[in-house]
Amino acid sequence: MRNIILIIVLTCFLCCKVIAQVPVEGSHYRPTGIAPKFFGPYAYPIPDLDEAKVSDKLTFQIAGDVNIGHIGGKGAEDYTYAPSFKLVLPLWTDRANLSCWGEFYEWWQDTEATRRARRYNEQSDLKSHGSGQIWIGLDILALRETTKRPSIIISANFLTAAGGNYALARHYDAPGYHFTGSIGKDIIFKNASTLRFSGTIGFVCWQTDRGAQNDAFLVGAKASYNHRVFSLSAEYSYYFGWEKFGDAPQTFKTRLDFHIKRFSPFIYYVHGVEDYPFDQIRVGLKVSFDVLKYLKKDTNR
C-alpha cells in the first residue's frame, strides 16, 4: 500500500513539474495580474490546512460567509456574501477520504476604488451576483500516528472551472490544482483532550490568461485543541507564485466548534494580509455520521 502511495505522489509531482510553465529570462515576460489580490475572495484562496488527519466519518458542513475586501482602501471596502458547503466521504477505510467543497453562489457589492484596483470595466455594475466554485480533493494516510511517531498524509485537490464572471474580476474562469503533504502529532492530556500541532507544504497551480501556468509554493502551520465539548484551532499559511505581482497571499485563520453529539455549530474567521486583502466570517453547522461502523457490521455478517 505504501509503495503504491509513493508511486502516486511521485507521478503527480513529476507530471506537474513537466507541465508547469515558468518565464524564461530575457523573454520579455510581463505579469498577468491573474492573482488573488486582483480577484474576488473565492478565486483561489489559500486552502485550509488538514492537520495531517484523514476523516473516518461522513461529514457535511453548510455555512454562510461574509467577506470584507480592503483593496479599495479604508472607507471603500467591498463585500461578498455566499452560502458555502463541504462534504467529506471516507472511502471504505479510515486511510482515505474524498472531499468536495465550495460556495453555491455569491453576491457582491464593490466600490469605485475596488474597481480601479482590480482594473475591470468602468461601465460594469458595482453590485451583482454570479456562480461559485467547486473543489474536489483526495486525502490519503501515508503513515499512521502512534505514541512515538507523527502521522503523514498526502492530498490532491482540483479546482473546477465552474466559477464565472472573469470580466468582473470574480474568478479566474479556469481550472487549477494544489498538492500538499502534512505531518502532525497529538499531545494527549489526562482528561482525554488533545493538543495537536501540524505543518503542511505543497504547491498551488492555476492557469493565467496568456497560456502560462503560475506555480506557487505553499506552506503553513496549525495548532488545535480538541475537547469533547469544543474544539479550537489557529493556523497561518501562505503561498507565493513566480509572477511576484499579487500572487503571494497570506492568511491567519481561527475556528471554534461546539460539539453536541453528531452536530457541531461553528464560527470561523480569516484575516488576509499582503496579497489577500480580505477578512472572512463564516458561521455554520457540521453534521457527522460514523458510516464506517455500519460498513464493518455488514462485512462481519
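Two strands are taken to pair if DSSP finds at least two bridges between them. By that criterion, in this predicted model, strand 11 (residues 230-240) and strand 12 pair in the antiparallel sense over 9 bridges.

**Overall composition**

The protein contains 3 helices and 14 strands. Of its 301 residues, 45% are buried, and its exposed surface amounts to about 15,600 Å², of which carbon and sulfur atoms supply 64%. Among the contacts with a separation of 6 or more, 60% are between residues 24 or more positions apart.

**Strand 12 and its neighbours**

Strand 12, which spans residues 249-258, has partners in strand 11 and in strand 13 (residues 263-274), and with the latter it likewise pairs in the antiparallel sense, over 9 bridges. On the strand 11 side, E235 has K253 of strand 12 as its bridge partner, while on the strand 13 side the bridge partner of L256 is I267. The hairpin of strand 12 and strand 13 has 4 residues between the strands, and K261 takes a positive phi near 60 degrees there.

Which side chains of strand 12 point to the buried face? The side chains alternate along the strand, with P249, T251, K253, R255 and D257 pointing to one face and being buried, whereas Q250, F252, T254, L256 and F258 point to the other face and are not buried. Two members of the buried face, R255 and D257, meet through their side chains in a salt bridge with an N to O distance of 2.8 Å. R255 counts as buried because its relative accessibility is 16%, under the 20% limit, and D257 counts as buried because its value is 7%.

**Salt bridges**

Side chains of opposite charge can pair when their charged atoms come close. The structure holds 14 salt bridges, and three of them are set out below.

| Salt bridge | Closest N and O atoms | Relative accessibility of each residue |
|---|---|---|
| E106 and R170 | 3.3 Å | E106 1%, R170 0% |
| E235 and K222 | 3.6 Å | E235 8%, K222 12% |
| R255 and D257 | 2.8 Å | R255 16%, D257 7% |

E106 forms a salt bridge with R170, and this pair links distant parts of the chain, with E106 in strand 4 (residues 105-109) and R170 in the loop between strand 7 and strand 8 (176-188), 64 residues apart. E106 is buried because its relative accessible area is 1%, and R170 is buried because its relative accessible area is 0%.

E235, already met as the bridge partner of K253, also forms a salt bridge with K222. That pair, too, links distant parts of the chain, E235 lying in strand 11 and K222 in strand 10, 13 residues apart.

Salt bridges that share partners join D78, E106, D110, R118 and R170 into one network. R118, a member of this network, has its place in helix 2 (residues 112-118) and is buried, with a relative accessible area of 4%. Beyond residues up to four places away in sequence, R118 touches F38, F39, G40, I71, D78, D110, A169, R170 and F278.

**Nonpolar cores**

In soluble globular proteins, nonpolar side chains tend to be buried together. The largest nonpolar core here has 20 residues, of which F39, Y44, Y172, V204, W206 and Y239 touch the most other members. Strand 9 (194-207) and strand 10 (213-226) each supply at least two residues of this core. A second, separate core of 5 residues includes A156, Y177, F179 and C205.

F39 belongs to the largest core and also touches charged members of the salt-bridge network, R118 and R170. The other residues that F39 touches, leaving aside those up to four places away in sequence, include G33, I34, Y166, A169, H171, Y172 and F278.

**A loop proline**

Where does P150 lie? P150 is found in the loop between strand 6 (134-143) and strand 7 (151-159). P150 counts as partly exposed because its relative accessibility is 24%. The C-alpha atoms of P150 and I183 are separated by 6.4 Å, although these residues are 33 residues apart along the chain. Apart from residues up to four places away in sequence, P150 touches L143, R144, E145, I183, G184 and K185.

How values were computed. Residues numbered from 1 in each chain as written. Predicted model: local features only at pLDDT ≥ 70, side-chain atom pairs only at ≥ 80, totals over all residues. Heavy atoms only, no water. Buried < 20%, exposed > 50% of the residue type's maximum accessible area, 1.4 Å probe, protein only. Contact = heavy atoms within 4.5 Å. Core = buried A, V, L, I, M, F, W, Y, C linked by side-chain atoms within 4.5 Å. Salt bridge = Lys/Arg side-chain N within 4 Å of Asp/Glu carboxyl O. Areas by Shrake-Rupley, 256 points an atom, 1.4 Å probe, with all protein chains shown as cover.
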